[in-house]
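Me: Could you take a close look at one part of this model for me? I would like to read about the place where the two domains meet.

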Amino acid sequence: MRILFVAAECAPFAKVGGLADVVPSLARALRDMGVETAVFIPRYRGVEGETGLERCGEMRIRLAGEERPCVIRRGGLPRGEVPVYFLDYPPYFDRPGIYGEGGEEYPDSPERFALLSRAALELPAAVGFEPDVFHVHDWHAALVPVYARFGGGAPPKVLLTIHNLAYQGTYPRERAEGLGLPPRALDAITHRGKVNFLYGGIVFADLVNTVSPTYAREIQDDGEGLEEVLRERAGRGELLGILNGVDYEVWNPETDPHIWAHYSADDPAGKAVNKERLQRELGLSPDPDAPLVGMISRLVDQKGFDLVMAAFERMMALGIQFVLLGTGDPVYERFFREAAGRYPGRAAALITFSEEWAHRIEAAADIFLMPSKFEPCGLNQMYSLRYGTVPVVRATGGLRDTVREYDPTTDAGNGFVFRDYVPEAMLAALKRAVDLYRGDRGAWRRLMVRGMREDHSWEASAREYLRLYRRLAGAPG
Ligand code: ADP
């Protein structure tokens with residue numbers, strides 16, 4: 001079985017959010033199961049690969065009225081044999097940002113990602129990697145099945161994974177006229193008056209999945225305007241939910257190169273060292289008993305920051321320390337900068353993107369807060385479990401599928417969960433966590449260790465993906 005991933009992000013080359021972690025870690029898990037997997041992404045500015053990138057093919061694609069001469073370069077994922085093919089077209093991708101700059105999407109986004117989809121279909125001929133299935137991710141690659149269907153010849157099999165339905169790639173019809181799709185194709189991917197890349201992918205992919213079972217159900221009722229077509233595909237058994245996994249080679253407190261002290265479920269003592277160091281580095285009071293609440297997130301509405309803003313003073317009144325790492329909406333950036341100023345020694349805000357600090361906060365915090373409005377899967381709650389950082393989450397999407405409320409009577413559960421999207425419900429859940437942390441250290445430690453021992457690795461999920469590929473390729477399941 002040969003699979004080609006097509007995506008806009010893949011760590012360590014290009015990362016904005018969870019997509020960048022999922023692409024390489026799923027690819028590696030599949031490779032470990034004997035599936036020949038390769039990844040195709042744009043070559044953004046600064047991407048050189050560990051040992052340089054070897055030129056391995058070229059293609060010319062006519063788009064937006066011009067011939068676009070593209071070079072394909074080959075590199076690989078760190079630790080292993082997964083090849084990564086890079087689409088090198090500097091006019092589109094040699095830029096400071098991945099999707100845009102200063103909060104503004106690049107105006108030629110439709111052309112940039114149409115080029116990625118077209119090039120993906122030409123990749124087999126250019127480099128000799130013939131996939132049984134094109135596994136395309138999110139709206140950036142969602143035109144692959146559309147071009148395939150309208151391109152003449154027998155279309156290849158395509159699986160579309162939706163990592164976040166909030167991003168669809170919607171443009172006025174006239175913006176899509178130079179993309180090389182015939183008018184009937186443009187008609188077919190027009191939804192509510194606009195050309196919609198993701199809608200096109202959902203209609204024309206052979207199978208569609210999202211990144212958790214709960215999200216796959218939720219979006220059939222509340223699907224950002226796409227519920228109807230999602231329900232239709234679900235009704236035919238063609239919309240599935242497969243939970244993301246964690247790459248424990250990257251997220252493991254026993255070996256993590258970014259953290260100050262290593263620790264494990266058997267010997268969690270190092271966690272306190274990380275907390276003490278983080279407090280010192282960020283100017284928080286050196287108090288080992290203050291419950292340290294962490295957040296690491298893109299600062300966007302989806303993540304529940306309106307709840308955090310509304311409840312912030314009441315959260316701090318619980319006697320917590322607070323640390324946030326994130327960038328995004330300037331309204332939230334300003335709020336957290338100011339909040340840190342208002343609570344010297346108790347709140348810190350790192351308004352930046354830092355892999356290193358993400359790992360350090362996971363290792364140092366006692367509690368991880370994720371009050372998302374919606375959450376297709378969410379990775380940080382699973383990282384938190386492994387790092388003994390008890391998650392406090394809203395019961396939505398993948399958060400609901402991975403975090404279970406602590407039950408004091410049976411000493412079960414792995415975190416704290418609230419349902420209603422209101423500040424009071426979030427506060428109540430946070431208070432339950434803080435009360436247990438303060439009131440019963442033995443129970444807290446058992447809760448922590450229970451989470452640390454859970455297995456959210458890719459193995460089971462990768463097997464589910466393999467089943468889908470086999471179903472598509474007509475191979476015995
Ligand atoms: P989403 O994909 O919606 O952003 P996920 O929880 O699935 O949410 O994945 C987010 C990923 O991005 C995690 O690996 C998280 O650690 C990382 N991340 C988000 N913001 C930052 C940041 N400012 N610095 C470092 N990592 C970040």
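Reply: Happy to; here is a walk through the interface between the domains, with a short stop at the ligand.

A word on the ground rules: this is a predicted model, in which local features need pLDDT of at least 70 and side-chain atom pairs count only at pLDDT 80 or more, while totals for chains, interfaces and linings use all residues. Residues are numbered from 1 along each chain as its sequence is written, and side-chain values use heavy atoms, with hydrogens and water left out.

The domain assignment gives domain 1 (2–245 + 458–473) and domain 2 (270–453); such bounds come from an automatic or database assignment. Taken over C-alpha atoms, the centres of domain 1 and domain 2 are 32 Å apart. Where they meet, 20 residues of domain 1 are in contact with 18 residues of domain 2, contact being heavy atoms within 4.5 Å.

Between them, domain 1 and domain 2 bury about 1,400 Å², with 57% of it on carbon and sulfur atoms. Buried area here is the accessible area (1.4 Å probe) that two parts lose on being put together, summed over both. On the side of domain 1, Lys15, Thr214 and Leu243 lose the most area to domain 2, together 27% of what that side buries.

Now for the polar side of the interface. The rule finds one salt bridge across the interface of domain 1 and domain 2, a salt bridge being a side-chain nitrogen of Lys or Arg within 4 Å of a carboxyl oxygen of Asp or Glu. The side chains of Lys15 and Glu355 form a salt bridge at 3.6 Å, N to O. Seven residue pairs are in polar contact across the interface, both residues at pLDDT 80 or more. A polar contact is a pair of N or O atoms within 3.5 Å; within protein, one must be able to donate a hydrogen and the other to accept it, and residues adjacent in sequence count only if both atoms are side-chain atoms.

Finally, the ligand has 19 residues around it, and Gly18, Asp21, Arg298, Lys303 and Thr352 come nearest; a residue counts if one of its heavy atoms lies within 4 Å. A polar side-chain atom of Asp21 sits 2.8 Å from a ligand oxygen atom. For Arg298, an N or O atom of the side chain is 2.7 Å from an oxygen atom of the ligand, and a polar side-chain atom of Lys303 lies 2.7 Å from a ligand oxygen atom.
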